[in-house]
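Please study the sequence and the three-dimensional structure shown below. The paragraphs that follow consider charged side chains and then turn to a pocket.

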Amino acid sequence: MKRFRHLFVWLLASAALLPASAQRHARSEYDPTLYLISVHEIDTFMMDCGARQEAALKNRMAAEGAIRDHEQTWRKGYHQPEKPQFIFASKNNRFSLALGGAIELRTSYDFDGLINSNDFIPARIPMSPDYNTAQQVMMDATASSLYLKAISNTRWGRVTVFVQGDFRGGSELSYTPHLRSAYVNFAGFTAGRDYTTFCDLEAVAPTVDYQGPNAYNSRFATMLRYEHAFWRDILRVGVAAEMPQVSATYGNHFAPLKQRMPDFPVYAQVAWGENRASHLRASAVFRNLYAHNLLTGNNTSLFGWGVQGSGHIRVIPMLDLYMSGVYGKGITPYISDLNGSGLDFIPDPDSPTSLTTPAMYGWQAAAQIHLFSDWLTLSGGYSTAVVRKSGGILSPNQYREGQYIFGNLFCHVTPRMTLAVEYLYGSRENMDGATNHANRASLMIKYTF
């Protein structure tokens with residue numbers, strides 16, 4: 001109990017120090033450092049006054065155009081980088097290149113139960129607690145990232161290239177470089193690696209925990225996607241073909257088989273309000289899941305599908321609501337807590353020589369309060385993911401439900417530096433009714449550049 005008292009005193013002290021750590025400020029307008037580059041040497045000293053003014057005007061227009069390009073292609077939402085602070089542009093703004101990144105340190109303390117992961121994933125709560133599963137301290141900087149963004153203004157339109165990496169590859173805390181995103185975008189088409197099209201990036205509140213709510217979906221996928229906006233971005237639609245990821249349980253009568261069909265996610269979104277700050281989105285994903293039948297020697301496939309409703313509503317300038325709900329069969333990659341769980345399909349408990357896709361669902365909701373002109377934000381939310389029991393169960397210790405509860409305080413000390421504290425509670429329940437839980441207190445320091 002003494003440790004718990006010390007922990008809560010530390011959390012309260014951290015939260016109290018946030019407002020004292022810097023003067024209050026309004027987050028400034030976007031004003032990056034921009035360098036204009038010319039491949040031809042120009043002696044402005046020999047120009048007359050009118051020519052120098054004309055050259056200065058062209059330079060200013062090129063600089064403003066480059067900044068506008070990067071503002072218009074900036075994407076808000078879940079784990080998206082801040083607008084770049086360093087931009088290099090040609091003097092006619094035919095080409096610009098931005099470099100940026102972030103240093104992120106997360107330190108956390110698990111108590112009264114722990115999770116065997118840097119991320120707070122209820123599915124990984126140990127269900128047989130012992131002397132070594134009560135408490136732990138962790139420090140993690142693997143989410144630190146670097147990105148490069150290039151924009152080319154061609155006669156056919158704007159071409160955007162984006163590459164981002166972090167250090168979350170390999171085993172946990174190995175600091176192995178990891179390619180997060182790498183794509184090219186032109187005329188509504190995106191080709192490369194990015195967040196799945198089924199993910200609504202603006203439907204989740206920020207968390208110190210990198211994984212986020214357990215019912216949210218945040219997987220990366222290699223894809224070819226097309227999106228189009230209508231009526232000044234009030235309506236937006238998208239469709240994609242994405243590389244499938246299958247996690248299944250094959251039992252004694254089936255074997256893995258290379259997948260032969262991409263996943264097909266689609267969505268339609270309606271937005272409103274100033275800067276389209278509020279939106280509602282309907283999404284669906286369709287999958288074909290393949291396996292080899294060892295008894296008959298034939299290949300078989302199962303149909304997987306999922307539907308999702310999600311949104312972000314700015315109720316008043318100081319209050320935002322976030323929500324999403326998903327239901328489907330054979331869609332474990334699209335529910336964070338179930339990713340890698342082996343539940344895309346399983347041997348039918350009532351007929352082990354055939355396969356079945358368990359039904360699963362999840363939902364999450366959160367609220368965020370903005371204080372002092374966005375300098376301080378307070379957020380809290382709930383999330384749950386559930387595998388439905390139908391016609392028997394594969395195993396008594398099979399995952400049935402996970403819950404995720406969070407509350408946090410973010411302080412934007414400067415436009416580039418953020419401090420945050422967070423409390424997390426998670427629980428897991430198995431098909432046989434066995435339960436366990438975990439608690440985590442976290443502190444994050446983040447500096448973007």
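Does Glu71 count as buried, partly exposed or exposed? The model in view is a predicted one, and in this model Glu71 has a relative accessibility of 36%. Because buried means under 20% and exposed means over 50%, Glu71 counts as partly exposed. The side chain of Glu71 meets that of Lys83 in a salt bridge, with a distance of 3.5 Å from N to O. Glu71 belongs to helix α2, which covers residues 49-72, whereas Lys83 sits in the loop between α2 and β2 (86-90); the pair therefore ties together parts that are twelve residues apart in sequence.

This contact belongs to a wider set, for the structure holds 16 salt bridges. Another of them joins Asp263 to Arg287, and here the closest N and O atoms are 3.0 Å apart. Asp263 is found in the loop between β11 (254-256) and β12 (264-272), while Arg287 is part of strand β13 (residues 278-293), so this pair ties together parts that are 24 residues apart in sequence. Both Asp263 and Arg287 are buried.

A further salt bridge connects Glu227 with Arg225, and the closest N and O atoms of this pair are 3.5 Å apart. How exposed or buried are its two partners? Glu227 counts as partly exposed, because its relative accessibility is 21% and the limit for a buried residue is under 20%. Arg225, by contrast, is buried, with a relative accessible area of 5%. Glu227 and Arg225 do not stand alone: together with Arg75 and Asp194 they are linked in a network of salt bridges.

The second topic is a pocket. The second largest pocket of the structure has a volume of about 810 Å³. Which residues lie nearest its centre? The lining consists of 40 residues, and those nearest the centre are Asp119, Arg124, Arg168, Gln211 and Asn339. Three elements each give two or more residues to this lining, namely β6 (157-169), β7 (176-186) and β8 (189-195). The largest share, four residues, comes from β6.

The lining can also be described by the classes of its residues. In the second largest pocket, 17 lining residues are polar, 13 are nonpolar and ten are charged.

How values were computed. Residues numbered from 1 in each chain as written. Predicted model: local features only at pLDDT ≥ 70, side-chain atom pairs only at ≥ 80, totals over all residues. Heavy atoms only, no water. Salt bridge = Lys/Arg side-chain N within 4 Å of Asp/Glu carboxyl O. Buried < 20%, exposed > 50% of the residue type's maximum accessible area, 1.4 Å probe, protein only. 1 Å grid on protein atoms, 1.4 Å probe; cavity = no way out; pocket = protein on both sides within 12 Å on 5 of 7 lines; lining within 4 Å. Points joined across faces, edges and corners; volume = space filled by probe spheres on them. Nonpolar A, V, L, I, M, F, W, Y, C, P; charged D, E, K, R; others polar.
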